[in-house]
Amino acid sequence: MAEIKIDGRKKVKTLKAEFKKAFCASLRVYSKKHFADEDATLASIREGNAPGGELKVGGNMQVGNFEKKVKELYGIEVQVAN
């Protein structure tokens, strides 16, 4: 089963590439209502008082739960696309 690990040091382009390889779906990452800079780290685009930390995403996690968890941990919007 596919799994990826996400933390604040990961760059947006790396996250998108790993997500595409693991789950065969595209991931859109937003920073303040616009697409995030590909070379930015997740920690650098974090908004508000988001705690950060590590998130393990497996193939059994529902899309809505994944998007919600990323928003809670990192304060950024993501959208799974196909």
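Start with the cavity: the structure holds one of 30 Å³ or more. A cavity here is a set of points, on a 1 Å grid over the protein atoms alone, where a 1.4 Å probe fits but cannot get out. The points are joined across faces, edges and corners, and the volume is the space filled by probe spheres set on them. For the largest cavity that volume comes to about 30 Å³.

Before you click further, keep in mind that this is a predicted model, where local features need pLDDT of at least 70, side-chain atom pairs count only at pLDDT 80 or more, and totals for chains, interfaces and linings use all residues. Residues are numbered from 1 along each chain as its sequence is written, and side-chain values use heavy atoms, with hydrogens and water left out.

Now select Ile6, Leu15, Leu42, Phe66, Val70, Tyr74, Ile76 and Val78, which line the largest cavity; lining residues have an atom within 4 Å of a point. Which classes turn up in this lining? Eight residues are nonpolar, with no polar and no charged ones. Nonpolar covers Ala, Val, Leu, Ile, Met, Phe, Trp, Tyr, Cys and Pro; Asp, Glu, Lys and Arg count as charged, and the others, Gly among them, as polar. Helix α2 brings the largest share of the lining, three residues. Helices (H or I, at least four residues) and strands (E, at least two) are DSSP runs, numbered from the N terminus.

Next stop, the largest nonpolar core. Among its 20 residues, pick out Ile6, Val29, Ile45 and Phe66, which touch the most other members. β1, α1, β2, β4 (55–58) and α2 (63–74) each supply at least two residues of this core, and α2 gives the most, with four. Such a core is a set of buried Ala, Val, Leu, Ile, Met, Phe, Trp, Tyr and Cys residues joined through side-chain atoms within 4.5 Å. In soluble globular proteins, nonpolar side chains tend to be buried together.

Stay with two of those core residues. Ile45 sits in the loop between β3 (34–35) and β4. Is Ile45 buried or exposed? With 8% relative accessibility, Ile45 is buried; the cut-offs are under 20% relative accessible area for buried, over 50% for exposed, and partly exposed in between (1.4 Å probe, protein chains only). Leaving out residues up to four places away in sequence, Ile45 touches Val12, Val29, Tyr30, Ser31, Ala36, Ala40 and Ile76. Contact means heavy atoms within 4.5 Å. Counted the same way, Val29 has partners including Leu15, Phe35, Ile45 and Val78.

From Ile45, hop to Ser31 in strand β2 (residues 26–31). Ser31 is buried too, at 17%, and beyond four places in sequence it touches Ala36, Ile45 and Glu47.

Then go to Asp7, in the loop between β1 (3–6) and α1 (12–23). Asp7 counts as buried because its relative accessibility is 18%. Zoom in on its side chain: a polar atom there lies 3.0 Å from the backbone nitrogen of Arg9. Outside its neighbours within four places in sequence, Asp7 is in contact with Leu42, Gly53, Glu54 and Tyr74.

Finish at Val80, in strand β5 (residues 77–81). Val80 is partly exposed, with a relative accessible area of 24%. Apart from neighbours within four places in sequence, its contacts include Phe19, Leu27, Val63 and Phe66. For a last distance, try Val80 to Ala22: their C-alpha atoms are 13 Å apart, with the two positions 58 residues apart along the chain.

Terms used. A polar contact is a pair of N or O atoms within 3.5 Å; within protein, one must be able to donate a hydrogen and the other to accept it, and residues adjacent in sequence count only if both atoms are side-chain atoms. On a 1 Å grid over the protein atoms alone, a cavity is a set of points where a 1.4 Å probe fits but cannot get out, and a pocket is an open set with protein on both sides within 12 Å along at least five of seven lines; lining residues have an atom within 4 Å of a point.
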